[in-house]
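This briefing concerns helix packing and a metal site. Please consult the sequence and the structure shown here alongside the points that follow.

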Amino acid sequence: MRALGLPVDATLTIEQLCRHVGRLRGRPVQLVSLTLPLGSPHGLWISTSSREYVLFEERLAPVHQRQVILHEIGHIVCDHAASPTLAAEDAGMLLPSLSPDLVRRVLGREHGQSDVEIEAELVGSLIGQRIGAWTAGPEWPVAPEARRLAARLAELEPPAAPGRG
Ligand SMILES: [Zn+2]
């Protein structure tokens with residue numbers, strides 16, 4: 001948290017937080033709200049060589065969306081490795097407009113109790129203490145490649161993972 005260098009005396013918006021983290025990583029952090037397939041995580045972090053995508057379910061309540069976004073940003077800040085539940089071929093399927101080589105990792109928001117998930121949740125909630133209230137009806141600038149990604153995601157079948165869905 002100290003290394004993040006968030007301003008002490010100001011409350012950030014989610015957008016300001018994304019710009020801040022993007023500057024630190026040298027890659028913009030892009031929020032993408034979309035309808036995710038049933039049974040999939042409510043949030044995804046897709047890291048490419050040029051951009052970090054944080055995808056979140058648009059049908060969630062705003063307070064829950066905020067929690068999902070902060071959790072994924074927790075993963076980014078902690079530089080977590082990809083979850084084994086989302087393999088590289090999934091990334092290619094999710095991001096057909098990008099070369100598979102560009103996709104560095106894909107991390108979904110699972111409700112597991114792995115150290116990585118607990119750490120992301122903790123860091124996300126710590127950051128959340130520095131973030132102001134979620135504004136109603138935020139408008140996310142969505143890049144064309146993110147629109148293609150959203151369309152592609154909407155066609156996906158739910159993952160066949162045991163114990164979910
Ligand atoms: Zn997670």
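Helices α2 and α4 pack at an angle of about 115 degrees, and their axes lie 7 Å apart. As angles of 65 to 115 degrees count as roughly perpendicular, α2 is therefore roughly perpendicular to α4. The model is a predicted one.

**Packing of α2 against α4**

- The crossing of these two helices, α2 and α4, is right-handed.
- On the α2 side, the contact involves R66, Q67, L70, H71, I73, G74, H75, V77 and C78.
- On the α4 side, the residues met are V116, E117, E119, A120, E121, V123, G124, I127 and G128.
- Sorted by class, the contact of α2 with α4 comprises eight nonpolar, six polar and four charged residues.

**The zinc site**

- The zinc ion has protein donors from H71 (NE2), H75 (NE2) and E117, the last of which is listed with two OE entries.
- These donors lie 2.0 to 2.7 Å from the zinc ion.
- The angles among the four donor atoms run from 53 to 137 degrees, and the site of the zinc ion is irregular.
- Along the sequence, the donor residues of the zinc ion follow the spacing H-x3-H-x41-E.
- Distant parts of the chain are linked by the pair H75 and E117, which are 42 residues apart.
- Of this pair, H75 belongs to helix α2 and E117 to helix α4, the latter spanning residues 115-128.
- The donor residues H71, H75 and E117 also appear in the contact between α2 and α4.

**Packing of α1 against α2**

- Helix α1 covers residues 14-25 and helix α2 covers residues 62-78; the two pack at an angle of about 10 degrees, with axes 11 Å apart.
- Angles under 35 degrees count as roughly parallel, and α1 and α2 are therefore roughly parallel to each other.
- The crossing of α1 and α2 is left-handed.
- From α1, the contact is made by I14, L17, C18, V21 and R25.
- From α2, the contact is made by R66, I69, L70, I73, I76 and V77.
- By class, the contact of α1 with α2 has nine nonpolar and two charged residues, with no polar residues.
- R66, L70, I73 and V77 of α2 take part in the contact with α1 and also in the contact with α4.

Key. Residues are numbered from 1 along each chain as its sequence is written. This is a predicted model: local features need pLDDT of at least 70, side-chain atom pairs count only at pLDDT 80 or more; totals for chains, interfaces and linings use all residues. Side-chain values use heavy atoms; hydrogens and water are left out. Axes are lines fitted to C-alpha atoms, for helices over the stretch in contact, and angles run from 0 to 180 degrees between N-to-C directions. Helices (H or I, at least four residues) and strands (E, at least two) are DSSP runs, numbered from the N terminus. Angles under 35 degrees count as roughly parallel, over 145 as roughly antiparallel, 65 to 115 as roughly perpendicular and the rest as oblique. A crossing is left-handed if the near helix is turned anticlockwise from the far one by less than a right angle, and right-handed if clockwise. Contact means heavy atoms within 4.5 Å. Ala, Val, Leu, Ile, Met, Phe, Trp, Tyr, Cys and Pro count as nonpolar, Asp, Glu, Lys and Arg as charged, and the others, Gly among them, as polar. Donors are N, O and S atoms within 2.8 Å of the metal (3.2 Å for Na, K and Ca); water is not among the atoms, so sites may look incomplete. Four donors count as tetrahedral if all angles lie between 85 and 135 degrees; four count as square planar and six as octahedral if opposite donors are over 155 degrees apart and all others between 65 and 115; anything else is irregular.
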